[in-house]
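Colleague: I should like to learn how to read the features of a model in a sensible order. May we work through one together?

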Amino acid sequence: MSPNSPRNIIIDTDPGQDDAMAILLALGSPEEVNVLGITVVAGNVPLALTAKNARKVCEVAGRPDVKVFEGCDRPLAHTLVTAEHVHGKTGLDGIELPEPKMPIQDQHGVDFIIDTVRAHPAGTVTLCPLGPLTNIATAFNKAPDIVEKVQEIVLMGGAYFEVGNVTPAAEFNIYVDPEAADIVFKSGVKLTVMPLDCTHKVLVTAPRLQAFRDFGTHLGDVVAGWLDFFERFDVEKYGSLGGPLHDPTVIAYLIKPDLFSGRFINVEIETHSDLTRGMTVADWWGVTDRAPNAMFMGEADADGFFTLLTERVARLNGCAK
């Protein structure tokens, strides 16, 4: 690969309105990222719905050629916890979309991850998990030879200063499958984390939402419908001017890393305590001698982020009203 080639990525996701926005950002940015496939996992809603939603997103973007694979339908060790109270009963509430016509692939998502990483030269496939880390951890357990071949994992999950959004201590993606997160964080893969500390800096304010409506296209209306529904929960919860848009920060980081800043620190996952299960114990202040294992982002240029997101999603407007 030449230095200017787009980065090969696999998006691992549980759509989710903010997951949908991350997929759109990636599909609208072919110069920087090449989406090899999308694997889905149970998380925001059960697997059958995440598989359906990922295909709806691809179709509304005009990209039914993207391959979508079903992965794991439950966490490694515990009962699935979902988030319909945030995302709605479908996971993509906000606007009604037709049932997807594009097929789900026959291959299991975990096997697709394994085969794809093996098929490419070492260090040329980046994994982009936007939900619980079950598929990634399962792939690493099943095929430990791929771990050293992964270029980087850039994930949305965890929190430190912002603590938890599903329990007092834990962020949702990590809480759903902390055993999987523990495997990933201990894997030794280059790891970049977009936690709540970062994503709570990128709020969907009224003008930013209006920018999507102003597209004057079907996709613009779809996006506005998703975000209008999705942000209501966090606006009520936090009293903020808009809801945070978590998952697209992963793709934005790959496109324009200078939009974000953080620290390379040690991050451990709590898997045992009933009180703090799923907590990302981030040694932000360097008070332990534990070796750093993650670039943990803390700041984001919100205006730059939304300018990028709006511009790239606008590119996908092939479908008129």
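Colleague: Let me begin with a single residue pair: which residue in β5 does T126 stand opposite?

Modeller: This is a predicted model, and every reading rests on that. In it, T126 stands opposite E152 in β5. That pair belongs to the pairing of β4 with β5, which runs in the parallel sense over three bridges.

Colleague: With which sense, and over how many bridges, do β1 and β4 pair?

Modeller: One reads the sense of the pairing, then the number of bridges. Here β1 and β4 pair in the parallel sense over five bridges, and I10 stands opposite L127 in β4. Strand β1 (residues 7-13) also pairs with β2 (residues 33-40), in the parallel sense and over seven bridges; there, I9 faces V35 in β2.

Colleague: In what order do the eight strands of the open sheet lie?

Modeller: One follows the partners from one edge to the other. The order is β3-β2-β1-β4-β5-β6-β12-β9, and the pairing of the sheet is mixed. The edges are β3 (68-70) and β9 (260-265); each has a single partner strand, so one side of each lacks a neighbour in the sheet. On average, neighbouring strands are turned by 25° against each other, direction ignored.

Colleague: Which strands does helix α11 touch as it packs on the sheet?

Modeller: Helix α11 (residues 248-255) touches β1, β2, β4 (125-129), β5 (150-156), β6 (191-194), β9 and β12 (294-300). The direction of α11 makes about 140° with that of β5.

Colleague: Are the residues of β4 buried or exposed?

Modeller: For a strand, one considers each face in turn. V125, L127 and P129 on one side of β4 and T126 and C128 on the other are all buried, which leaves both faces covered. Five of the five residues of β4 are buried, so the strand is largely enclosed by the rest of the structure. A helix may be read likewise: α1 (residues 17-27) is mostly covered, with 11 of its 11 residues buried, among them D18, M21 and L25.

Colleague: At roughly what angle do the axes of α4 and α5 cross?

Modeller: One takes the angle, then the hand, then the residues in contact. The axes of α4 (residues 109-119) and α5 (residues 134-142) cross at roughly 60° and come within 9 Å, which makes α4 oblique to α5. Their crossing is right-handed. V110, D111, I113 and I114 of α4 make the contact with N135, I136, T138, A139 and K142 of α5. By type, the residues of this contact are five nonpolar, two polar and two charged.

Definitions and conventions:
Residues are numbered from 1 along each chain as its sequence is written. This is a predicted model: local features need pLDDT of at least 70, side-chain atom pairs count only at pLDDT 80 or more; totals for chains, interfaces and linings use all residues. Side-chain values use heavy atoms; hydrogens and water are left out. Two strands pair if DSSP finds at least two bridges between them. Helices (H or I, at least four residues) and strands (E, at least two) are DSSP runs, numbered from the N terminus. Axes are lines fitted to C-alpha atoms, for helices over the stretch in contact, and angles run from 0 to 180 degrees between N-to-C directions. Contact means heavy atoms within 4.5 Å. Buried means under 20% relative accessible area, exposed over 50%, partly exposed in between (1.4 Å probe, protein chains only). Angles under 35 degrees count as roughly parallel, over 145 as roughly antiparallel, 65 to 115 as roughly perpendicular and the rest as oblique. A crossing is left-handed if the near helix is turned anticlockwise from the far one by less than a right angle, and right-handed if clockwise. Ala, Val, Leu, Ile, Met, Phe, Trp, Tyr, Cys and Pro count as nonpolar, Asp, Glu, Lys and Arg as charged, and the others, Gly among them, as polar.
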